[in-house]
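Me: Got a model I'd like to walk through with you. Can you take my questions as they come?

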Amino acid sequence: MPQLIEDADVDVLEPRQLVRISALHRGFLYQHLYAAACVLNMANSGATAVVMERDEDVELVQATGRLYIQVKTRSAPLASGDVDGALARFADLRDAHARGDRPGAPRFLIVSNVVPNGPLAEALAAADWPADVQIAWPGQSSDLPVPDAWPDLEAGLAACQAAAAGVAFAGLPPEALVWKLAAVAQYAATGAGDRRVTVDQLPALYEQFVVQLQTFPQPPQPYRPQPDEPRLDDGDRLRLLTGFSGAGKTAWASHAARHSAAPLAYFDVGDLPAAAVANSLGRELAARFLTQPESARAIAALPEAFGLDLFRHLAALLAQQNIPVVVVLDNVQRMDVGALRQLLTAAPALRFVMIAQPWPGTDELALLLPIQRQELAGWSADTIAAEFDAAGARIDAATITRLVRLTSALPLLIQSAARLAVDHYSGDAAAFCAAVEASDQAVETAPEIILRRAFEDLGEAEQLVASALSLLDAPLTREEVKAWAGAQLGEPARVQPAVKSLIRAGLVQIVGGDGVRLHDAFRIPAAAALAQTPAVEQTLLENLRDLIGESLVGTARFGRFAVWMRLLARTGQIDTLVDLATFEMFHERGDPVELYAVLETYAATVEDPEERFWALDALAFWDQRYERWETFATRVAAIEPILASGVLGKVATLAAVMKVMAAQGEAGNMKAVRAAYDRAARLPDLTEVQTLVLNYSLAFSQLKAKRPGDAAKTVGGVIRGYYRRLGLSEARILGLNPPDILALITPYEDMDDDFRHIGDALDLECHALEALRRLQPLHRMFALKFYVLGNAHRSYMKTALQFVDDMREMGQHGQARQFMEGMVLPNLPAVANMVVPVRRMYALLLAETGDATAGLTEMATLGAYDMPDYERSLFEAQWAMMRLTAS
């Protein structure tokens, strides 16, 4: 029978041994942190290498000689006996340099966490103290270009974090970078890598979670140019190319990039918050163009900055290194004009080509900046004639004029018109134009008519494939399309030619090499056509459901998970959906809120009591995740009679009891919590994992009942249990990144679940300690790493926001913003239901780091979002506070 884990207060056998061991490890960690600080300070110290544990604890190799550093940590004032050995070694090293055995002049430094005692202070002031030896302690710096001494590890970590925050594009939040460098120092101290870190190695050490610059999309084949197309690398520094969807803007940029010798960068603004574009673009440019050792040294020397300031420094660095980058910014109509202006003016040495659909900001931007406005002219008469001729249609000059009036000469519409003319009007373009002109354009515009008619003109295979692809916006591979649509056609061999035909027609786009998706402009007519055949639509949905489900087996393709769940609901497989709704990944990467009502209906109508329980359990789990405690209590009240009936098996009983524990904890009834826990603990043959989950539930209930001390003790045992299962310890993962942690583990079944569960336990411990007014940001960082390993995206985002709050609490607003821009915002698209809280926090950080205008702009953008009442209250309060502060 499992016992409540409460061993936090058990005495050790040898307390004095514990004190000695703790002091020893504090000393080593202090030394490795100081070595990390020296690595971070290489640009200022002029060191070409930092050497660990050779003749001294730390050595700086400089052009004029070598600086030898001895690190001392003591609990009492530093005494002469503490430094006598170091002074003797210094004398030997001095003699070696004097003999010429070592190049350059030596200098010596003793770094201590405590002040010297009286006798040592007197010796320091005496005339016979060696002139080339200094001692630094907190409050007393040396005149050498090295980091100051710190009184303790906490101060050292804070100082290192401040230094790490100034390292551009490290790809890690400052604290994580510091621990990584400390681990490198520790590893070098064992003799690895010639015991040194050189300045040329810094780019590799500054691990970047930044992918290489987005590549240009694939241009259509064949590409037909438009009259007087501009070059990407000609013209003014600031250019704005506008045009409607289907005008060929991105196709032009992709084609022009293949014919330009200039260094080019393509960046789709997408759905990034406007204020985060500068930071993300800067990281992309650094990853692409600043990878050489000399660039790394220059980046390491950049002053502490982030966001727009960091982008400004980077642009200057690109100019210094004579890298004349042309940046293509796509979809700039999604950006606030003020933020776009700041981005463009921050980098006067960069050239920008902006691509946009027409939007009100065009004129405003042109008034604020010397913008060269450009448009694509549409296909010329000759090109239109060539397109119709290639399609097998006839068109004369007069009909081309009519067609241009109907299509504005947009390439996508011209291509569709040519196909329609061939298929329906015997290649007679004039007859096609007459038919469109005769249509009721009060109901449909000419482009809409052309698109609809384009679908009506498709062959059976092409129409089926295009209609099928309208059912989802995620790309499928060609083999998947062949298997899926081919089953409906009865002839899979016809699918691939149909896909190729649709690609040539511009109706289907190639994504990521082998992926295909329907062009957005054709999605509505394709879906409308499919709706005319409900039986075919239903069959396609069912086959697509099975295809997506099978593709998820043994993979981490979580982007398809939400698609699959929606397909389950649309095809009536609610029982499977209920099973999934208690699956953690349902909420971590999917969590489609529209399925909540589907589960409610099922719970109210299903007759089998165990099936009803699982539906209620899924709803209760959902309510608990979103802290809807009143609704949660209602679910638990409905669960309790089923639990009391005795019809549930062991697994269901354990799940039910844990819900009861949480509800009673929220109500503050610890007696009921304990009774429920004892009932679950008596269940036969509980596994180790079930015991850990049960104890975690107890800790959660204790915290809800405002017993943070008890919760911290209980969850501490849970954390140790998961560390045992994983074969890890806190000491082993200190300073390691997720891939390094994974390399320490022998894979086993359910390992991913353990990653998520230990992350949950560490996060709960942090909440309990916060209630006791004891911050533990290091454990929160550990939780984030385990969430990464377990693909727990939503939990990662929630804990990341709390980590940001930890940094704000410690006054580290700049580091918090860097972490937000580098580690949180890029992952936001995967967790849509956290857009408001994440970007609301980001707006606050913008204001707290001196960019109040950008913060208010971000809040104004978010104000248009619908949000729950509690979120709206928080939002309005923050917005009012920010406006008041800004005024």
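Me: Let's start with H30 and H32. Which hand does their crossing have?
Reply: H30 passes H32 in a right-handed crossing. The near helix is turned clockwise from the far one by less than a right angle; anticlockwise would be left-handed. Helices here are DSSP runs of H or I with at least four residues, strands are E runs of at least two, and both are numbered from the N terminus.

Me: Is this predicted, and what are the ground rules?
Reply: This is a predicted model: local features need pLDDT of at least 70, side-chain atom pairs count only at pLDDT 80 or more, and totals for chains, interfaces and linings use all residues. Residues are numbered from 1 along each chain as its sequence is written, and side-chain values use heavy atoms, with hydrogens and water left out.

Me: Back to that pair. What angle do H30 and H32 pack at?
Reply: About 15 degrees, with the axes of H30 (residues 650-666) and H32 (residues 688-704) 7 Å apart. Axes are lines fitted to C-alpha atoms, for helices over the stretch in contact, and angles run from 0 to 180 degrees between N-to-C directions. That makes H30 roughly parallel to H32. The classes: under 35 degrees is roughly parallel, over 145 roughly antiparallel, 65 to 115 roughly perpendicular, and the rest oblique.

Me: Which residues of H30 meet H32?
Reply: Among them are Leu654, Met658 and Met661 in H30; the H32 side includes Val693, Leu694 and Phe700. Contact means heavy atoms within 4.5 Å.

Me: Now H40 and H41. Roughly what angle do they cross at?
Reply: Roughly 160 degrees, and the axes of H40 (residues 835-848) and H41 (residues 852-862) come within 7 Å. That makes H40 roughly antiparallel to H41. The crossing of H40 past H41 is left-handed. Tyr842 and Leu846 are among the H40 residues that meet H41, whose side includes Met859 and Leu862.

Me: Switching to the sheet. What's the strand order?
Reply: S5-S4-S3-S2-S1-S6, an open sheet of 6 strands with mixed pairing. Two strands pair if DSSP finds at least two bridges between them. S5 and S6 (196-198) stand at the edges with a single partner strand each, so one side of each has no neighbour in the sheet. Neighbouring strands are turned by 20 degrees against each other on average, direction ignored.

Me: Where does H3 sit on the sheet?
Reply: H3 packs on the sheet and touches S3, S4 and S5; its direction makes about 165 degrees with that of S4.

Me: Is S4 enclosed or open?
Reply: Largely enclosed by the rest of the structure, because 6 of the 8 residues of S4 (residues 105-112) are buried. Buried means under 20% relative accessible area, exposed over 50%, partly exposed in between (1.4 Å probe, protein chains only).

Me: How does S4 pair with S3?
Reply: In the parallel sense, over 8 bridges, with S3 at residues 65-72. Gln70 stands opposite Ile110 in S4. The chain goes from S3 through H3 (residues 80-98) to S4 in a right-handed β-α-β crossover. Right-handed here: with the strands pointing away from the viewer, the path from the first strand over the helix to the second runs clockwise.

Me: And S4 with S5?
Reply: Parallel too, over 4 bridges, S5 being residues 133-136. Phe108 has Val133 in S5 as its bridge partner.
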